[in-house]
Amino acid sequence: MDSPIRYDRIIRGGHVISASAAVRADVAIRGESVAALLPPGSPAEAGSVLDATGRLVLPGLIDSHVHFRMPGRTDQEDWAAGSRAAVAGGVTTVIDMPDTLPPLYTAQDARDKHRLVRYTSLVDYRFHAQVDPRRIEATAELTPREAASVKATLTGSAQATHVLRDPAALDRLFRVCAGGALPLLFHAEDDGVFTLLDGWLGVPRQYAGYERHRPRSAGIVAVYRLIELARRHGVPVHILHVSSREEVDLLCAGAAAGIPVTFEVTGHHLSFTSLDVSRLGARVRLSPALREPADQDRLWTAVIEGQAATLGSDHAPYRFADKSLAVPDAPPGLPGVQELLPAVFTGLRRRYTHLDAPGAARIVARLLAERPSELFGLAGRKGRIAPGMDADLVVFEPDRTWMLSPDDVHAKCGWSAYEGWTFTGGVQLTLRRGEVVYDRTDGVARFGGPAGRWLAPSPVAPDREILRT
Ligand SMILES: [Zn+2]
């Protein structure tokens, strides 16, 4: 009789989730890759066997929108803490935003950032690059090796030098990027709308009525302009953190007309509304602001119907002392990479009671694994559980009910807008390329080694890094 095939690790008995199916299977891992999906109970041997009976096995999530603050803003967050929060939330790959100090404008900036990040990250990573408003043409020099996209930020603090305010420069950016290899990412709120309103109403001084100062109109104006530019130049555009029903409808109409536009919805816009602002105050001072319940309903519809391309955390932590400044000075942003999966899964289960746990997990797999892997050049190695793919896996307990306390928060800032929330479903184990990097099986969080890699765009040999220096 042949001896059974031997693997390094097998995860037995779980429901293996993809965007299109949930099947009972054992996941066999060899080295850093998925070696096989086996019928449950197959007579294979392994160095280590993890029991996932009654649990879901999801592909490691890709959060394409985090601000891990390196370099220059590590008083707010750093890669060690941010990546602990990530793996605790089932995220195994992040794509980090470029609005650091200094911003990531060039290929050299990306290599310099990698040198800071390596040996500190539990998760694999790529970087978004920032459009330099003073050097629009330099954007053309970036390639997919260094950057997953080029991001333009259309509004922000008056001191921020990376904000692109000039409409003529925006037009030039599309001309420069036409025919290029990188998608354009946008924080799409029109700064002129806010300036006009601030001149009339004054800057916001309290959280009650905050949305009136940072209204949907700024997003609608910007989103329409970007759809029109995408149409004219044929440049793919991905709109971040869409917050209103009007923006969603415009983007769906644009996509239906064949214009290359996609969009992201954040966990916090799915979890909070303007009704929460006077209670939670600075914790939910956000950019874009929280909208009305009817907007939140539309965002959920975009998630469940697949109109949204990605979910992102927009993990943008600030120290509580900074958030506690007077309203005009309190920076917008919250930590969210750890809370994203439980918040979305909980919302899906509560809003759509016809969805069973595997059905809700399939939606998560589509928007947090498959689609971002396709949009950001990782489809050859991330985003699905299949032979040859990286063994990035999440063992998820769909029925665990738990309350988030400040002790659970791994982000460096140590607070969460979700404190006191009761979640349905939680992460038990997270594996990054076959290594257990998060394990709370016995109720205590344990973390693996900071061997996260800077990922080259696929297709590449699965074990290749961009830099080996
Ligand atoms: Zn952001």
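The expected span of a helix is taken here as 1.5 Å times one less than its number of residues, where helices (H or I, at least four residues) and strands (E, at least two) are DSSP runs numbered from the N terminus. The model shown is predicted, so local features need pLDDT of at least 70 and side-chain atom pairs count only at pLDDT 80 or more, while totals for chains, interfaces and linings use all residues. Residues are numbered from 1 along each chain as its sequence is written.

**View 1. The length of helix H10 (residues 293-304).** At 1.5 Å a residue, the twelve residues of H10 should span 16 Å, which agrees with the 16 Å between its end C-alpha atoms.

**View 2. The buried and exposed faces of H10.** Asp 295, Gln 296, Arg 298, Leu 299, Ala 302 and Val 303 are buried (20 or more other C-beta atoms within 10 Å of a residue's own, against 12 or fewer for exposed, with C-beta atoms placed from the backbone). These buried residues line one face of H10, because they fall within an arc of 160° seen down its axis, and the face turned away from them carries the exposed Pro 293 and Ala 294. Among the elements covering the buried residues are helix H7 (245-256) and strand S13 (261-266).

**View 3. The buried side of helix H2 (residues 107-117).** Asp 109, Ala 110, Lys 113 and Val 117 are buried in H2; they cover an arc of only 100° around the axis, which puts them on the same side. Exposed Gln 108 and Arg 115 sit on the face turned away from that side.

Conventions:
Arc of directions from axis to C-beta. Contact = placed C-beta atoms within 7 Å.
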